[in-house]
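Work through the exercises below with the sequence and the structure side by side. Try each task before reading its solution.

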Amino acid sequence: MSLTISELPHKEQALFRAALKLYEARQYKKGLKSCEQILKKVPNHGETLAVKGMFLAYMDRKEEGYASIKRGIEISPMSSISWHVYGLVCKIDLKFDEAIKCYEEALKADSENINILRDLATMQTQMRQYEKLVETRQKLVKLSPQFPPFWIGLAVAYQLTGRFDLAAKTITTYQPTIKIGPEVSKEEISELLMYKNWLIELSGDYQKALENLKEIRPQIVDITGWKEQKANLLLKVNRMEAAAMAYQDLIERNPDNKEYIRGYLSCNGLDLACAEDVDAILEVISTLQHQFPTSNTLKFLPLTFCTGDGESFIEAADTLAKHALRKGIPSLFTSMKTLYADKPKGAALGNLLEGYATQLHDTKRLGDSTEDEVPSVHMWCTFYLAQHWDYYGDYERAMQLIDEAIKASPETVELYAVKAKILKHAGDFRGARDTMDFARQMDLKDRFINTKAIKYMLRDNDVDEAERTCVVFFGKDSAFKLKDIVDMQSIWYMRERGHAYNRIGDIGRALKQFHQVQTVFDTYYNDQYDFHTYSLRKFTMRAYIDILQWEGQLFTHETYVDVAHAAIACYVDLHDRKVAGTPFEAIPEPILEEQQTKPVTRATTTKEGDHTLVSGEEEAKPAEVDKDPIGADYVNSENHLADALKFVESLDKAVSSQPATHTSAFEVHLRMKKYFLALKSINSLKAINEAHVSLIPMAARLISALDSDETFAAPMKAALKGQLAKSFGNASIEEAVKTNDQTLPLLLAGAKALIAIGGDSNVASAKAMLAQAAAERYGATRTLDNLLEAKNLLIKTGSSDVELAEIFKGAKTVFPLATCF
C-alpha cells in the first residue's frame with residue numbers, strides 16, 4: 001500500500017517539501033539528493049519516485065526519469081503529485097497532448113489544486129482547446145477570485161470562443177478591484193481598459209464602445225491606440241464628420257499610414273476599390289498632398305487605383321518618378337514593381353522612363369524643366385530601365401542598360417547588385433555570384449549585400465565558399481560559426497543551403513538543413529507557451545491575441561512550405577533508391593590535416609562529442625555538439641515514407657488549399673500503397689483546380705500502380721478504377737500532352753509520370769517529349785526553371801550527350817546568356 005506525504009516520517013516530509021522548493025529554484029542535483037535520502041528510508045514511496053524522475057529528466061537523464069515516474073505512478077496511481085510531475089516532464093519534451101491527459105488524471109485526485117488547473121489551462125491554450133479552457137478558467141476564478149490573471153484568463157477564454165459579451169462582462173466584474181500600485185501600473189490598467197473596449201466593439205455594440213472610450217480617456221496611456229479606436233468607432237456608428245476629423249488628426253501624426261488615409265476616404269463615402277470613385281478620391285488625395293507634401297504614401301496611392309492608360313496614372317507616376325530620380329532613390333523600381341501585375345501600368349511606366357531617358361540624352365532635362373539635371377539622374381533612370389526590361393525577360397537589353405549605368409557611376413554598389421540579379425534571371429549563376437561578390441567587396445559592412453552574396457554562392461552550389469563568407473556575421477572569437485547560424489534562426493541560409501546540397505546530390509546534408517528549418521518553426525510555435533501566463537500578468541491581451549492568431553498561421557509561411565516539399569522529395573528519392581537496390585549513403589565529413597593533429601583542449605570540440613565547459617552556476621548545461629552533421633540519421637532511417645508523411649500531414653493541416661500539398665501527398669501515399677488516400681489527393685487537387693497539369697499524369701500513375709499490385713483486393717481495385725474513369729475517362733498522358741501542346745508544365749508533369757511508371761516505351765516517350773521542351777509553341781511557359789527541370793529529367797533518363805546537346809541548343813535560343821545549359 002502506498003504512503004502519502006503526510007504519512008511519511010517527519011524528517012522525510014521536510015525533505016520532500018525541500019525537494020519541491022529546489023525544483024522551483026532549478027537546483028536539480030540537490031533536489032535529486034533529497035529524493036534519494038527519502039528513498040533510502042522509504043524505498044517504495046510513489047510520489048518521491050515520481051519527483052526523482054522529474055529531476056532526472058531535467059538533468060538530461062530522461063530514460064531513467066520516465067522509468068522512475070512510471071514506477072511512482074504504479075505505486076501511487078491516485079496521487080495528484082505523481083500525475084502532475086508526469087505532465088511537467090511531458091511538457092518539457094513537447095508532448096502536449098500527453099501532458100493534458102496527465103493533468104486531467106491529477107485533477108481526479110485533487111480537483112481544486114490551483115497549480116494543476118493553471119498548468120492545464122496553459123496547455124489547453126497551447127493546443128487550442130478553447131471550450132475546455134473556458135471550463136478550467138471558470139474553476140480557477142471560483143477557487144481564487146482575488147488573483148487578477150485568473151479573471152483576465154477567463155475573459156480571454158471567452159473571447160477565443162467568440163463570446164465577446166461574456167468576456168467584456170468578466171472584465172467589468174473584475175475591474176473595480178484593481179488600483180494603481182506596486183503590483184499594477186497605470187500602463188497595465190490602460191491596456192486592460194483598452195482591451196475591454198475592444199471586446200465591447202467585437203460584441204457589435206459600437207455606440208456603447210464609443211461611450212466607454214470617452215469614459216476611459218483620462219486613464220489611457222496609449223494615446224495613438226485610443227485615437228485609432230475613436231476614429232474606427234466613429235466611422236462604424238456613421239458619424240462621418242467627426243470620424244473625418246479623427247482620421248485627419250491621425251494623418252497629421254503619421255501621413256504615411258495607409259489605413260489612416262483609407263479611413264479618411266471612407267468618411268467621405270469613397271472606396272479605393274471602386275472605379276467610380278477615382279476622380280473624387282484623386283481630389284481628396286490632392287488636398288492631402290498639399291497638406292503633407294513629404295508623404296510618400298500619398299504620392300504612391302493614386303498609382304494603385306488609377307488605370308494604367310489614364311492621364312491620372314501618368315501624372316502621379318511622373319511626379320513620383322521625377323522626385324525619386326532627382327533624390328537618387330535606388331528602390332524606385334522595387335516600390336513600383338507591385339504595379340507591374342497590371343500590364344497596362346507596367347507598359348506605361350516603361351514608356352514614361354524611356355521618355356525620360358531620351359530627354360536626358362538629348363537635352364539633359366526632364367519635361368519642361370528650365371535647368372539641366374545632374375548626371376546621376378540619367379544614371380538612375382537607366383538603372384530603373386534595366387530592371388524594367390529584366391522584369392519582362394529581355395535580359396540582353398537589361399544587361400546593356402545596367403552596364404551603361406555602371407560606366408556612368410562605377411562606385412555605386414546597387415548597380416552591381418542589380419546586374420547580378422539580371423545574370424541570375426538570365427541563367428548565368430556563376431556570373432551572378434561573382435558580380436554580387438564584387439559588390440560585397442565594395443562595402444563589407446553592408447549586411448544586405450553580404451547576405452545576397454552568400455545566397456548567390458549557394459545558388460551556384462558553392463557551399464564551402466558561402467560558409468567561409470558567413471564569417472562576416474560573427475565575431476572573431478566565435479568558436480562554432482555554423483552553429484551560431486542555427487542559433488540565430490537564419491532560415492533563409494538553412495533553406496538555401498539545403499537546396500544547394502540537394503542539387504549537388506548530398507541528400508543527407510540537405511535533409512539536415514531542412515529539418516533545422518523545421519526545428520526553427522517548431523521553436524517559434526513552442527515559444528508562445530510562456531506568453532500564455534506572461535501576457536495575463538502584464539495585461540497585454542491585445543498583443544497576446546495577435547500572437548495567437550499569428551501562431552495559427554505560422555506554418556503557412558512560404559519558407560516552411562518550400563522546405564517541407566523539398567524534404568518530402570528527398571525522402572521519396574531515398575525510398576526509390578532503396579527499392580531500386582541502390583540506396584544512398586551519407587557522404588562523410590572530410591578530415592582536414594589540422595584536425596588530425598590539433599590537441600583537444602577545454603576550448604575545442606572533438607568529433608566524439610566532447611564539449612566546451614560553460615562557466616556559471618553548478619547546474620549550467622554543457623555546450624551542445626552536433627553529432628550528425630552529415631544527416632546520416634535521416635538517410636539511414638528505417639522508413640523514409642513515414643518520415644515524409646510527417647511533412648505531408650503538416651502541410652495538409654496548414655496549406656490544404658495549395659495544389660502542391662496534394663501532389664506531394666500523392667507521391668507519398670502511392671508509394672505506401674495507400675491507394676484510397678492517393679485517390680483522395682487527386683480529388684482534392686481537382687477540387688482546387690480542375691485543369692491542373694498534374695491530374696491526368698497522377699491518375700495514370702495510380703492506374704498503373706493498381707495494375708501492377710497483385711496483392712490489392714480486386715473489388716477495391718475495380719472501385720478505384722471506376723472512380724478514375726468517371727473523373728478522367730480513358731485519356732492517356734500522351735493524349736493529354738498533345739491536346740494541350742502549348743503548356744510546358746503539362747509536358748513536364750507527363751514526362752515525370754511516364755518515367756515514374758517505368759518501362760522502355762514510357763521512358764522513350766518521356767525523352768521524346770522532353771526533347772521538345774524549348775519549342776517555340778510553349779512561349780512564355782519556357783521559363784528558366786521549367787527548362788532546367790526538363791534538363792534534369794533528361795539526365796535522369798540516361799540521355800546521351802548528343803540528346804542533351806539538342807535541348808541545350810534550344811534552351812540557349814530562349815536564354816542566350818545562360819551558362820547552365
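**Exercise 1.** Find the salt-bridge partner of Lys236 and state where each residue sits.

*Solution.* This is a predicted model. Start at the charged group: Lys236 pairs with Glu201, and their closest N and O atoms are 2.6 Å apart. That is inside the 4 Å cut-off for a salt bridge. Next, place the two residues. Lys236 belongs to helix H13 (residues 223-236) and Glu201 to helix H11 (residues 186-202), so 35 residues separate them and the pair links distant parts of the chain. Finally, check burial. Glu201 is buried at 9% relative accessibility, while Lys236 is partly exposed at 35%.

**Exercise 2.** Which helices hold Arg495 and Glu558, and how many residues apart are they?

*Solution.* First the contact: the closest N and O atoms of Arg495 and Glu558 are 3.8 Å apart, and the two form a salt bridge. Then the helices: Arg495 is in H28 (residues 491-503), Glu558 in H32 (residues 558-579), 63 residues apart. Now apply the cut-offs of under 20% for buried and over 50% for exposed. Arg495 has a relative accessible area of 17%, so it is buried. Glu558 has 58%, so it is exposed.

**Exercise 3.** Describe the two sides of helix H16.

*Solution.* Begin with the length. H16 (residues 278-291) has 14 residues and reaches 20 Å from first to last C-alpha, close to the 20 Å expected. Then list the buried residues: Val278, Ile281, Leu282, Val284, Ile285 and Leu288. Viewed down the axis of H16, the buried residues fall within an arc of 165°, so they line one face of the helix. Their cover includes helices H14 (240-253), H15 (258-267), H17 (296-305) and H18 (311-327). Turn to the other side of H16: Asp279, Glu283 and His290 are exposed there.

**Exercise 4.** Is Thr382 buried or exposed, and what does Thr382 touch?

*Solution.* Locate the residue: Thr382 is in helix H21 (residues 375-391). With 7% relative accessibility, Thr382 is buried. A polar atom of the Thr382 side chain lies 2.9 Å from the backbone oxygen of His378. Leaving out residues up to four places away in sequence, Thr382 touches Leu401, Glu404 and Ala405.

**Exercise 5.** Compare the settings of Arg26 and Asn461.

*Solution.* Recall the background: most residues other than glycine have a negative phi. Arg26 has a positive phi of about 60°, and Asn461 a positive phi of about 65°. Arg26 lies in the loop between helices H1 (10-24) and H2 (28-41). Asn461 lies in the loop between helices H25 (447-459) and H26 (463-469). Arg26 is exposed at 61%; Asn461 is partly exposed at 29%.

Key. Residues are numbered from 1 along each chain as its sequence is written. This is a predicted model: local features need pLDDT of at least 70, side-chain atom pairs count only at pLDDT 80 or more; totals for chains, interfaces and linings use all residues. Side-chain values use heavy atoms; hydrogens and water are left out. Helices (H or I, at least four residues) and strands (E, at least two) are DSSP runs, numbered from the N terminus. Buried means under 20% relative accessible area, exposed over 50%, partly exposed in between (1.4 Å probe, protein chains only). A polar contact is a pair of N or O atoms within 3.5 Å; within protein, one must be able to donate a hydrogen and the other to accept it, and residues adjacent in sequence count only if both atoms are side-chain atoms. Contact means heavy atoms within 4.5 Å. The expected span of a helix is 1.5 Å times one less than its number of residues. The arc is that of the directions from the helix axis to the C-beta atoms. A salt bridge is a side-chain nitrogen of Lys or Arg within 4 Å of a carboxyl oxygen of Asp or Glu.
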